[in-house]
Structures are given as structure tokens and as C-alpha cells.
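Colleague: Got a minute to walk me through this one? I'd like to go over the sheets, a helix and a couple of odd backbone angles.

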Amino acid sequence: MDILQTVIQYILDLGAAVFVPFLMLIVGLCMKMKFRDAFTAALTLGIAFTGMNLLINFIQDSVGTAANDLTKNTGLSLPAVDIGWPGAAAITWAWPYAFLAFPLQLVINFVMLVTHQTKTLNVDLWNVWNKIFTAVIVSYFTNNIILGFVAAAVIMILELKLGDAFAPEVERLTGIPGVTVPHFICLIAVLLHPIDELLKKIPALNKDFSADELKEKIGIFGENSVMGAIIGLALGLASGNGVKYALTLAVQAATALTLFPMVSKLFSQALSPISEAVSDFMRDRFEDREVYIGLDWPILGGRNELWVAVIFTIPFLLIGSIILPGNIVLPFAGIINLSFVVGSLLLTNGNVIRMIIHGLITTPFFLYGATYFAPYMTRLAKETGTLGHKGMIGWSTFEGPDIRYLLATIFQGNILSILLMIAWLGLFVWLIKDRQKYNQTLKQD
């Protein structure tokens with residue numbers, strides 16, 4: 001068992017930029033690709049992940065720092081330090097039983113593929129940490145590690161099902177055939193879906209309003225670089241650091257929004273040949289069976305709607321942390337709110353206006369989720385010896401507080417939670433069926 005844990009941990013420590021391309025190299029070779037082609041595609045994928053991560057870290061550092069300075073200028077003091085998703089992942093991987101989730105996901109995915117319960121082959125195994133974190137939360141509530149992994153297994157199944165449902169939209173948005181995003185952060189679409197259905201009944205919001213549409217309507221102000229510069233300048237001035245700082249931030253934000261689409265093209269360049277090889281292999285052996293390759297969300301990073309919505313929603317988090325009674329988390333590391341925006345992008349088909357509204361509506365949801373779960377995050381950090389901060393830690397954009405809370409409390413026999421879980425699953429089924437209808441329209445077009 002110790003050897004298995006050591007091997008799995010070593011593999012995961014390689015990081016997504018090495019681990020995922022390595023897996024894709026193996027997949028390509030198994031699909032009878034030439035080694036040269038498979039290796040080139042895998043290496044390009046590693047470059048794409050590295051480039052996207054560099055840009056994400058760049059925008060988090062520049063915009064996140066400005067947002068933090070803006071918060072400090074209010075004189076606000078909140079007790080829980082926001083460590084964001086990187087901090088949450090770090091303390092999660094330190095959990096002694098974390099390595100068990102790795103084979104669990106592989107087995108579940110294999111069984112569901114063989115039994116035709118999913119079309120998604122999820123190679124985004126690094127993000128199994130989200131399922132591990134769910135297992136930790138449930139085990140804290142129930143004092144039962146087995147129930148924690150049962151909850152993790154439920155999340156794995158839901159992710160694969162949602163990966164199937166969103167695959168055609170991922171292809172439309174990225175231009176990459178045969179890929180999808182079976183990621184935990186997409187589950188927020190379950191709650192956003194009924195809200196979005198109401199928003200679509202408003203004539204002004206029920207139209208195509210992608211970044212390209214925005215560009216056509218407002219001319220030069222819709223250009224990626226100009227939008228980034230305006231947003232960066234406004235945030236820089238609001239941070240109180242002076243005009244020089246604001247101008248620098250304007251150029252940095254413009255740079256990020258200009259480079260995101262360029263880097264995203266590398267994903268298409270890397271994944272298209274592998275996707276075609278998988279399709280050919282499945283068609284020859286499984287009667288034209290369709291299989292999607294499940295990857296991490298950065299393959300969607302080239303969509304500027306995602307970044308425009310994220311940056312526009314920063315003030316919502318900052319103001320919300322100040323005015324919401326009972327909130328204890330000061331947004332910092334989690335200020336770039338990826339927890340809503342990926343699911344929102346897929347759900348709205350890139351309608352940036354509805355995405356921004358989603359960000360506004362979900363602000364209290366994330367902050368109160370962060371407040372509620374802060375003691376459990378602090379406990380995990382202390383137990384694993386990863387806490388370098390003596391006080392309390394939190395995550396201002398805590399992912400999936402709804403499903404994690406429900407899974408934790410239904411195992412305690414909470415009747416209200418059981419009823420709410422049934423309702424949540426009803427919303428999940430509604431979303432799946434709605435996406436299936438939408439996918440049919442895509443095929444017809």
C-alpha cells in the first residue's frame with residue numbers, strides 16, 4: 001500500500017503539464033499513432049498547458065494584487081485568510097488517504113465506459129483532488145472515511161455525465177473535436193441553469209453576445225487588447241496605487257486578454273490528431289462509438305468571454321465580502337472566480353452579459369460557502385501539517401458548497417438535506433436533458 005501511494009504521488013507531483021501529456025502519449029500510441037506524431041502532439045499539449053498556466057498566474061498576480069490593495073484601502077479586517085484553489089489543492093493532497101481516489105476514478109471511468117454509461121475518457125486525473133476534498137469534508141461530518149469515498153464516487157459519476165452533455169459545446173467553443181471538460185467546477189451549472197432559463201426570457205439577454213458580437217457592436221472597444229486595457233486601468237485606479245501603477249496594470253491586462261486566444265490554439269494543434277486517432281480506433285472496433293477525451297478547463301481559456309466575466313465580477317466579490325453580514329473570508333487568492341465562470345460559459349454558450357449576471361448572483365453563495373467551510377479547511381491544514389498560518393484559512397470562491405454540504409449531511413440522516421439532494425438531482429437531470437436537446441440542434445446545423 002505504501003508503494004502504491006508513493007508511485008501515485010510521484011506521478012501526480014509531476015503536475016498537469018507533464019502528467020496529462022504523458023497520458024495522451026500513451027493514448028495516442030494505443031490508438032496506433034506513429035510515435036513521432038503522438039510525441040509531437042503530447043509535447044505541444046504540455047506547452048499549451050504551461051503557457052495557459054503562465055497566463056493564468058500572470059493575471060492572478062497582477063489583477064489579484066490590485067484587487068487586494070483595493071480591499072485593504074477599505075480598512076476591512078476579516079479573520080479567514082483566502083488561500084484560493086491552489087492552497088486548497090495543496091492541503092488536500094497532504095491528506096493520508098488521498099492516493100486512494102486515483103485508482104477509484106480510473107475504475108469508475110472504466111466501468112462506465114464499458115457499460116456505455118458515459119462517452120468520456122477522463123484523463124484529467126490531477127484534478128481528482130476535488131473529489132478527495134469532497135471525501136475529506138464528508139469524512140469530517142460523518143467520522144467515516146468510507147462514506148467520504150462514496151461521496152467522491154458520486155462526484156466522479158456526475159462529472160462524467162456532465163462531460164458527455166457539454167462535449168458538443170466544448171467542441172463549438174474551442175474548435176477541437178472529441179474533447180470535453182468533466183471538471184467539478186462545471187457542476188455549478190446545475191444551479192445556474194434555472195436562473196439562466198429565466199434570464200433568457202428577457203429579450204435583451206436572449207441573443208448571441210459573445211466577445212465577437214461585443215466587438216461588432218462597440219467597435220474598437222470590443223477588441224481583446226482594448227477591453228483588457230480599460231478593465232486593468234479602471235481596477236488599477238480604484239486600487240489607490242496611482243496612475244503609473246494603473247497604466248502598468250492596463251498593459252498587463254491587455255497582454256493577458258491578447259495572448260489567451262493565441263495559447264489556446266496550441267490545444268487544438270495538439271489534440272486534433274489524437275482525437276482523430278481515437279475516433280478512428282473506436283469506429284473500427286466499436287461500431288462507430290463516439291468517445292470524448294476529458295481534459296482540464298484551460299482548453300476553454302482562449303474564450304475571452306470567460307476572462308471578461310471574471311474580471312467584471314471582481315468588484316462583486318470585494319463589495320460582497322464587505323457588506324454581507326456574517327462573512328469572515330477576505331477575497332485574495334481566490335479573487336479570480338473560476339468557480340462559476342467555466343460552467344457559466346458552457347451553459348450560456350458564451351453570452352458574456354448573462355455570465356456577468358451569474359457572477360453577481362452567485363457571489364453570496366460562494367462567500368457564505370467559504371465562511372461555512374473555513375473551519376474544516378483549517379482543520380485539514382492543521383492535521384496534515386500544511387498550515388503556515390496560525391489563524392483560520394478559507395477559500396473565497398469555495399467550489400461546490402451546495403453538493404458538498406448535501407453529500408455530507410445526507411449521510412448523517414438529515415431529512416431536509418435528503419429532500420434537497422433529491423431536488424438537486426432533479427435539477428441535474430433537467431440540465432442533462434436540456435443539453436441533449438441543444439446538442440441535437442448543433443448536429444442539425
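Colleague: How many bridges join S3 to strand S4?

Modeller: Bear in mind that this is a predicted model. S3 and S4, the latter covering residues 292–294, run parallel. Thr-180 stands opposite Gly-294 in S4. The number of bridges joining S3 to S4 is 2.

Colleague: Which are the edge strands of the open sheet that holds S2, S4 and S3?

Modeller: The pairing in this open sheet is parallel, and the order is S2-S4-S3. An edge strand here pairs on one side only. That makes the edge strands S2 (120–122) and S3 (179–180).

Colleague: And the sheet with S5, S1 and S6: why is one side of S5 and of S6 left without a neighbour?

Modeller: This open sheet also has 3 strands with parallel pairing, in the order S5-S1-S6. S5 (329–330) and S6 (392–394) stand at the edges, so one side of each has no neighbour in the sheet because each has just a single partner strand.

Colleague: Which residue in S6 does Ala-80 stand opposite?

Modeller: Strand S1 takes in residues 80–82, and 3 bridges join it to S6. The two strands run parallel. The residue opposite Ala-80 is Met-392.

Colleague: At about what angle does H15 run to S6?

Modeller: H15 spans 352–384 and follows the loop after H14 (338–348). H15 lies across both S5 and S6. Its angle to S6 is about 125°.

Colleague: How many of the 9 residues of helix H12 are buried?

Modeller: Buried means under 20% relative accessible area. In H12 (residues 304–312), the buried ones include Asn-304, Glu-305, Leu-306 and Trp-307. Val-308, Ala-309, Val-310 and Ile-311 are buried too. H12 is largely enclosed by the rest of the structure, because the buried count is 8 of the 9.

Colleague: Now the odd angles. Is Asn-143 buried or exposed?

Modeller: Asn-143 sits in the loop between H6 (129–142) and H7 (145–174). Its phi is near 60°, a positive value in a residue other than glycine. The cut-off for exposed is over 50%. With a relative accessible area of 67%, Asn-143 is therefore exposed.

Colleague: What does Asn-349 count as, in terms of accessibility?

Modeller: Asn-349 also has a positive phi, about 60°, although it is not a glycine. Its place is the loop between H14 and H15. Anything between the 20% and 50% cut-offs is partly exposed. At 25% relative accessibility, Asn-349 therefore counts as partly exposed.

Methods. Residues numbered from 1 in each chain as written. Predicted model: local features only at pLDDT ≥ 70, side-chain atom pairs only at ≥ 80, totals over all residues. Heavy atoms only, no water. Helix = DSSP H or I, 4+ residues; strand = E, 2+ residues; numbered from the N terminus. Buried < 20%, exposed > 50% of the residue type's maximum accessible area, 1.4 Å probe, protein only. Pairing = 2+ DSSP bridges. Contact = heavy atoms within 4.5 Å. Axes fitted to C-alpha atoms, helices over the stretch in contact; angles between N-to-C directions.
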